[in-house]
Amino acid sequence: MPNYKLTYFNMRGRAEIIRYIFAYLDINYEDHRIEQADWPEIKSILGNVTTSTTVIAGFVLLKITIFGKMTRLATAGTDVWKRRGNKLEPSATASDSMTMVSFSGAFVGSVTRLPTLETLIAVHGCNLSGKTDLEQCQVDAIVDTLDDFMSRFPWAEKKKDVKEKMFNELLTCDAPILLQDLDTYLGKKEWFVGNSVTWADFYWDVCSTTLLAFKSDLLDIHPRLVTLQRKVQAIPAIADWIQRRPQTKL
Ligand SMILES: CCC(=O)N1CCc2c(cnn2-c2cccc(F)c2)C1
(Lines give C-alpha, C1' and ligand atoms only; values in the text may rest on other atoms or scores of the structure.)
Protein backbone atom coordinates (compact mmCIF):
# COMPACT_ATOMS: atom_id res chain seq x y z
CA MET A 1 0.00 0.00 0.00
CA PRO A 2 1.75 3.25 -1.05
CA ASN A 3 2.22 5.85 1.65
CA TYR A 4 0.91 8.63 -0.55
CA LYS A 5 -2.14 9.16 -2.71
CA LEU A 6 -2.11 12.17 -5.00
CA THR A 7 -5.59 13.09 -6.21
CA TYR A 8 -5.95 15.56 -9.05
CA PHE A 9 -7.63 15.99 -12.41
CA ASN A 10 -6.46 13.85 -15.30
CA MET A 11 -3.85 16.41 -16.37
CA ARG A 12 -0.36 17.59 -15.44
CA GLY A 13 -1.54 20.95 -14.11
CA ARG A 14 -0.56 21.87 -10.61
CA ALA A 15 0.07 18.28 -9.56
CA GLU A 16 2.85 17.52 -12.04
CA ILE A 17 5.60 19.04 -9.91
CA ILE A 18 4.69 16.61 -7.11
CA ARG A 19 4.73 13.75 -9.62
CA TYR A 20 8.23 14.84 -10.76
CA ILE A 21 9.49 14.93 -7.17
CA PHE A 22 8.00 11.52 -6.38
CA ALA A 23 9.51 10.10 -9.56
CA TYR A 24 12.94 11.60 -8.86
CA LEU A 25 12.92 10.36 -5.25
CA ASP A 26 11.55 6.99 -6.42
CA ILE A 27 8.64 7.26 -3.99
CA ASN A 28 5.74 4.92 -4.64
CA TYR A 29 2.36 6.68 -4.64
CA GLU A 30 -1.13 6.31 -6.04
CA ASP A 31 -1.62 8.75 -8.94
CA HIS A 32 -5.39 9.09 -8.51
CA ARG A 33 -6.92 11.03 -11.41
CA ILE A 34 -10.50 12.22 -11.31
CA GLU A 35 -12.56 13.30 -14.29
CA GLN A 36 -13.67 16.92 -14.49
CA ALA A 37 -17.25 15.63 -14.44
CA ASP A 38 -16.66 14.29 -10.91
CA TRP A 39 -15.36 17.62 -9.63
CA PRO A 40 -18.71 19.25 -8.70
CA GLU A 41 -19.56 16.36 -6.39
CA ILE A 42 -16.08 16.29 -4.83
CA LYS A 43 -16.15 20.07 -4.51
CA SER A 44 -19.45 19.90 -2.67
CA ILE A 45 -17.78 17.55 -0.18
CA LEU A 46 -14.70 19.77 0.16
CA GLY A 47 -16.71 22.93 0.22
CA ASN A 48 -15.54 26.32 -0.91
CA VAL A 49 -13.50 26.90 2.21
CA THR A 50 -11.62 30.14 1.98
CA THR A 51 -9.84 30.10 5.31
CA SER A 52 -6.27 29.16 5.86
CA THR A 53 -6.07 25.80 7.60
CA THR A 54 -2.99 24.35 9.14
CA VAL A 55 -3.26 20.61 9.09
CA ILE A 56 -0.95 18.20 10.82
CA ALA A 57 -1.21 14.73 9.34
CA GLY A 58 1.23 12.26 10.79
CA PHE A 59 4.77 13.67 10.43
CA VAL A 60 3.75 16.30 7.96
CA LEU A 61 2.68 19.85 8.71
CA LEU A 62 0.71 21.17 5.76
CA LYS A 63 -0.39 24.78 5.49
CA ILE A 64 -3.19 24.97 3.02
CA THR A 65 -5.65 27.52 1.79
CA ILE A 66 -8.65 26.04 0.09
CA PHE A 67 -10.29 28.15 -2.56
CA GLY A 68 -12.56 25.51 -3.96
CA LYS A 69 -9.82 24.19 -6.15
CA MET A 70 -8.58 20.70 -5.65
CA THR A 71 -5.29 18.97 -5.50
CA ARG A 72 -5.00 16.43 -2.75
CA LEU A 73 -1.89 14.93 -1.26
CA ALA A 74 -2.62 12.25 1.25
CA THR A 75 -0.25 10.66 3.69
CA ALA A 76 -0.58 7.44 5.62
CA GLY A 77 -1.97 9.07 8.63
CA THR A 78 -3.11 9.04 12.15
CA ASP A 79 -5.48 11.71 13.33
CA VAL A 80 -5.95 14.68 11.13
CA TRP A 81 -5.76 17.87 13.14
CA LYS A 82 -7.40 21.01 11.87
CA ARG A 83 -6.80 24.58 12.97
CA ARG A 84 -9.89 26.65 13.24
CA GLY A 85 -8.87 30.19 14.09
CA ASN A 86 -5.97 29.83 16.49
CA LYS A 87 -7.15 26.55 18.00
CA LEU A 88 -5.85 23.16 16.91
CA GLU A 89 -8.45 20.45 17.28
CA PRO A 90 -8.48 16.79 16.31
CA SER A 91 -10.86 15.86 13.59
CA ALA A 92 -12.10 12.46 12.55
CA THR A 93 -9.36 10.04 11.62
CA ALA A 94 -9.25 9.57 7.91
CA SER A 95 -11.91 7.18 6.73
CA ASP A 96 -9.33 4.93 5.12
CA SER A 97 -5.65 4.27 5.71
CA MET A 98 -4.88 7.55 4.03
CA THR A 99 -5.22 10.97 5.62
CA MET A 100 -6.92 12.96 2.95
CA VAL A 101 -5.88 16.56 2.90
CA SER A 102 -7.25 18.90 0.24
CA PHE A 103 -5.32 21.77 -1.19
CA SER A 104 -6.00 24.84 -3.21
CA GLY A 105 -4.15 25.17 -6.47
CA ALA A 106 -1.71 27.43 -4.69
CA PHE A 107 -0.56 24.61 -2.47
CA VAL A 108 2.31 23.86 -4.82
CA GLY A 109 4.48 26.55 -3.31
CA SER A 110 3.43 25.74 0.23
CA VAL A 111 3.27 21.97 0.58
CA THR A 112 6.44 21.27 -1.39
CA ARG A 113 8.29 23.79 0.80
CA LEU A 114 6.99 22.39 4.04
CA PRO A 115 8.34 19.38 5.95
CA THR A 116 6.90 17.20 3.23
CA LEU A 117 9.70 18.02 0.83
CA GLU A 118 12.29 18.54 3.56
CA THR A 119 11.32 15.24 5.18
CA LEU A 120 11.43 13.44 1.88
CA ILE A 121 14.76 15.03 0.99
CA ALA A 122 16.23 14.25 4.41
CA VAL A 123 15.24 10.62 3.97
CA HIS A 124 16.66 10.57 0.47
CA GLY A 125 19.62 12.85 1.11
CA CYS A 126 19.18 14.85 -2.08
CA ASN A 127 19.29 18.63 -2.51
CA LEU A 128 16.15 19.33 -4.51
CA SER A 129 15.35 22.42 -2.47
CA GLY A 130 18.90 23.84 -2.48
CA LYS A 131 22.03 23.04 -0.46
CA THR A 132 22.26 26.22 1.59
CA ASP A 133 19.80 28.75 3.03
CA LEU A 134 20.71 31.15 0.25
CA GLU A 135 20.15 28.50 -2.40
CA GLN A 136 16.80 27.60 -0.85
CA CYS A 137 15.76 31.25 -1.06
CA GLN A 138 16.85 31.34 -4.70
CA VAL A 139 14.94 28.14 -5.46
CA ASP A 140 11.84 29.57 -3.77
CA ALA A 141 12.17 32.79 -5.76
CA ILE A 142 12.24 30.93 -9.08
CA VAL A 143 9.33 28.68 -8.09
CA ASP A 144 7.26 31.63 -6.84
CA THR A 145 7.97 33.58 -10.03
CA LEU A 146 6.86 30.70 -12.20
CA ASP A 147 3.85 29.89 -10.03
CA ASP A 148 2.73 33.53 -9.92
CA PHE A 149 2.81 33.68 -13.70
CA MET A 150 1.00 30.38 -14.22
CA SER A 151 -1.61 31.41 -11.65
CA ARG A 152 -2.48 34.49 -13.73
CA PHE A 153 -4.00 32.33 -16.47
CA PRO A 154 -7.81 32.08 -16.22
CA TRP A 155 -7.81 28.32 -16.40
CA ALA A 156 -11.42 27.90 -15.36
CA GLU A 157 -12.84 30.81 -17.40
CA LYS A 158 -16.05 29.63 -19.05
CA LYS A 159 -16.32 32.39 -21.70
CA LYS A 160 -14.15 31.12 -24.59
CA ASP A 161 -13.47 34.58 -26.08
CA VAL A 162 -12.50 36.07 -22.71
CA LYS A 163 -10.26 33.11 -21.93
CA GLU A 164 -8.58 33.24 -25.35
CA LYS A 165 -7.97 37.00 -25.09
CA MET A 166 -6.39 36.73 -21.66
CA PHE A 167 -4.26 33.73 -22.61
CA ASN A 168 -3.02 35.55 -25.71
CA GLU A 169 -2.18 38.70 -23.77
CA LEU A 170 -0.24 36.72 -21.16
CA LEU A 171 1.62 34.70 -23.77
CA THR A 172 2.48 37.54 -26.16
CA CYS A 173 2.91 40.51 -23.81
CA ASP A 174 3.87 39.17 -20.39
CA ALA A 175 5.65 35.88 -21.10
CA PRO A 176 8.53 37.49 -23.07
CA ILE A 177 9.45 39.65 -20.08
CA LEU A 178 9.40 36.67 -17.73
CA LEU A 179 11.41 34.52 -20.14
CA GLN A 180 14.05 37.20 -20.59
CA ASP A 181 14.41 37.51 -16.81
CA LEU A 182 14.71 33.73 -16.42
CA ASP A 183 17.19 33.54 -19.30
CA THR A 184 19.32 36.28 -17.76
CA TYR A 185 19.17 34.61 -14.36
CA LEU A 186 20.15 31.23 -15.76
CA GLY A 187 22.93 32.77 -17.86
CA LYS A 188 25.64 30.23 -18.62
CA LYS A 189 24.85 28.11 -15.54
CA GLU A 190 23.90 24.45 -15.84
CA TRP A 191 20.95 24.77 -13.42
CA PHE A 192 18.93 27.70 -12.12
CA VAL A 193 20.44 27.39 -8.64
CA GLY A 194 23.70 25.88 -7.44
CA ASN A 195 25.59 23.10 -9.21
CA SER A 196 22.89 20.41 -9.17
CA VAL A 197 19.27 20.07 -10.15
CA THR A 198 16.57 21.53 -7.85
CA TRP A 199 12.81 21.52 -8.00
CA ALA A 200 13.04 25.02 -9.51
CA ASP A 201 14.43 23.32 -12.63
CA PHE A 202 11.69 20.71 -12.43
CA TYR A 203 9.07 23.46 -12.17
CA TRP A 204 10.55 25.26 -15.15
CA ASP A 205 10.05 22.12 -17.24
CA VAL A 206 6.52 21.57 -15.91
CA CYS A 207 5.41 25.15 -16.59
CA SER A 208 7.23 25.62 -19.91
CA THR A 209 5.81 22.35 -21.24
CA THR A 210 2.30 23.68 -20.68
CA LEU A 211 3.09 27.17 -22.03
CA LEU A 212 4.54 25.65 -25.21
CA ALA A 213 1.27 23.76 -25.71
CA PHE A 214 -0.36 27.18 -26.17
CA LYS A 215 2.48 28.97 -28.00
CA SER A 216 4.91 26.60 -29.71
CA ASP A 217 7.45 29.33 -30.65
CA LEU A 218 7.62 30.67 -27.09
CA LEU A 219 11.24 29.63 -26.51
CA ASP A 220 12.60 30.16 -30.03
CA ILE A 221 14.86 32.99 -28.85
CA HIS A 222 15.77 31.30 -25.54
CA PRO A 223 17.98 28.30 -26.44
CA ARG A 224 19.50 28.22 -22.93
CA LEU A 225 16.05 27.78 -21.39
CA VAL A 226 15.34 25.02 -23.92
CA THR A 227 18.61 23.33 -22.94
CA LEU A 228 17.54 23.43 -19.29
CA GLN A 229 14.20 21.88 -20.19
CA ARG A 230 15.99 19.09 -22.03
CA LYS A 231 18.42 18.52 -19.15
CA VAL A 232 15.51 18.00 -16.77
CA GLN A 233 13.75 15.73 -19.25
CA ALA A 234 16.95 13.69 -19.65
CA ILE A 235 17.19 12.84 -15.93
CA PRO A 236 16.48 9.06 -16.05
CA ALA A 237 13.69 9.07 -13.43
CA ILE A 238 12.03 12.09 -15.07
CA ALA A 239 12.47 10.67 -18.58
CA ASP A 240 10.87 7.42 -17.41
CA TRP A 241 7.93 9.29 -15.87
CA ILE A 242 7.41 11.47 -18.98
CA GLN A 243 7.45 8.36 -21.11
CA ARG A 244 4.87 6.49 -19.03
CA ARG A 245 2.58 9.27 -17.79
CA PRO A 246 -0.86 9.73 -19.36
CA GLN A 247 -0.52 12.03 -22.38
CA THR A 248 -2.68 15.12 -21.76
CA LYS A 249 -2.53 18.63 -23.22
CA LEU A 250 -2.42 20.36 -19.85
C1 LIG B 1 -9.31 23.64 -15.04
C2 LIG B 1 -7.90 23.73 -14.51
C3 LIG B 1 -6.88 23.67 -15.60
O4 LIG B 1 -7.16 23.63 -16.77
N5 LIG B 1 -5.58 23.66 -15.22
C6 LIG B 1 -5.22 23.93 -13.84
C7 LIG B 1 -3.97 24.74 -13.67
C8 LIG B 1 -2.95 24.37 -14.70
C9 LIG B 1 -3.25 23.74 -15.84
C10 LIG B 1 -2.07 23.57 -16.54
N11 LIG B 1 -1.08 24.09 -15.83
N12 LIG B 1 -1.62 24.59 -14.71
C13 LIG B 1 -0.81 25.19 -13.73
C14 LIG B 1 0.42 24.65 -13.42
C15 LIG B 1 1.20 25.25 -12.46
C16 LIG B 1 0.77 26.38 -11.81
C17 LIG B 1 -0.47 26.90 -12.15
F18 LIG B 1 -0.88 28.00 -11.53
C19 LIG B 1 -1.26 26.32 -13.10
C20 LIG B 1 -4.61 23.34 -16.22
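The exercises below, each with a worked solution, concern helix packing, salt bridges and burial in a predicted model.

**Exercise 1.** Determine how helices α7 and α8 are oriented relative to each other, and which residues form their contact.

Solution.
Step 1. Two packed helices are described by the angle between their axes and the distance between the axes.
Step 2. Helix α7 spans residues 199-214 and helix α8 spans residues 223-233; their axes are 9 Å apart and make an angle of about 110°. Angles from 65 to 115 degrees count as roughly perpendicular, so α7 is roughly perpendicular to α8.
Step 3. The handedness of the α7 and α8 crossing is left-handed.
Step 4. On the α7 side, the contact is made by Asp201, Phe202, Trp204, Asp205, Ser208, Thr209 and Leu212. On the α8 side, the partners are Leu225, Leu228, Gln229, Val232 and Gln233. Sorted by class, the contact of α7 with α8 has six nonpolar, four polar and two charged residues.

**Exercise 2.** For the salt bridges Asp31 with Arg19, Asp174 with Arg152, and Asp183 with Arg224, give the N to O distance, the location of each partner and its burial.

Solution.
Step 1. The criterion is a side-chain nitrogen of Lys or Arg within 4 Å of a carboxyl oxygen of Asp or Glu. By this rule the model has 12 salt bridges.
Step 2. Asp31 and Arg19 form a salt bridge with an N to O distance of 2.9 Å. Asp31 belongs to strand β2 (residues 29-34) and Arg19 to helix α1 (residues 16-24), and the two are 12 residues apart. Asp31 has 23% relative accessibility and counts as partly exposed, whereas Arg19, at 0%, is buried.
Step 3. For Asp174 and Arg152, the N to O distance is 2.8 Å. Asp174 is in helix α6 (residues 160-186), and Arg152 sits in the loop between α5 (133-151) and α6, 22 residues apart from it. Asp174 is partly exposed at 24%, and Arg152 is partly exposed at 43%.
Step 4. In the pair Asp183 and Arg224, the closest N and O atoms are 2.9 Å apart. Asp183 lies in α6 and Arg224 in α8, so this bridge ties together parts that are 41 residues apart in sequence. Asp183 is buried at 5%; Arg224, at 36%, is partly exposed.

**Exercise 3.** Establish how far helix α1 is enclosed, and place Arg19 in its salt-bridge network.

Solution.
Step 1. A residue is buried when its relative accessible area is under 20%. The buried residues of α1 are Glu16, Ile17, Ile18, Arg19, Tyr20, Ile21, Phe22 and Ala23.
Step 2. Eight of the nine residues of α1 are therefore buried, and α1 is largely enclosed by the rest of the structure.
Step 3. Arg19 is part of a network of salt bridges that also links Glu16, Asp31, Arg33 and Arg245.
Step 4. After α1 comes Asp26, which has a positive phi, near 55°.

**Exercise 4.** Describe the surroundings of Leu179 and its separation from Phe22.

Solution.
Step 1. Leu179 is located in helix α6. Its relative accessible area is 3%, so Leu179 is buried.
Step 2. Not counting residues up to four places away in sequence, Leu179 touches Trp204, Leu218, Leu219, His222 and Leu225. Two of these names, Trp204 and Leu225, also appear in the contact between α7 and α8.
Step 3. Phe22 and Leu179 are separated by 157 residues in sequence and by 27 Å in space, C-alpha to C-alpha.

Conventions. Residues numbered from 1 in each chain as written. Predicted model: local features only at pLDDT ≥ 70, side-chain atom pairs only at ≥ 80, totals over all residues. Heavy atoms only, no water. Axes fitted to C-alpha atoms, helices over the stretch in contact; angles between N-to-C directions. Helix = DSSP H or I, 4+ residues; strand = E, 2+ residues; numbered from the N terminus. Parallel < 35°, antiparallel > 145°, perpendicular 65-115°, else oblique. Left-handed = near helix turned anticlockwise from the far one by under 90°. Contact = heavy atoms within 4.5 Å. Nonpolar A, V, L, I, M, F, W, Y, C, P; charged D, E, K, R; others polar. Buried < 20%, exposed > 50% of the residue type's maximum accessible area, 1.4 Å probe, protein only.
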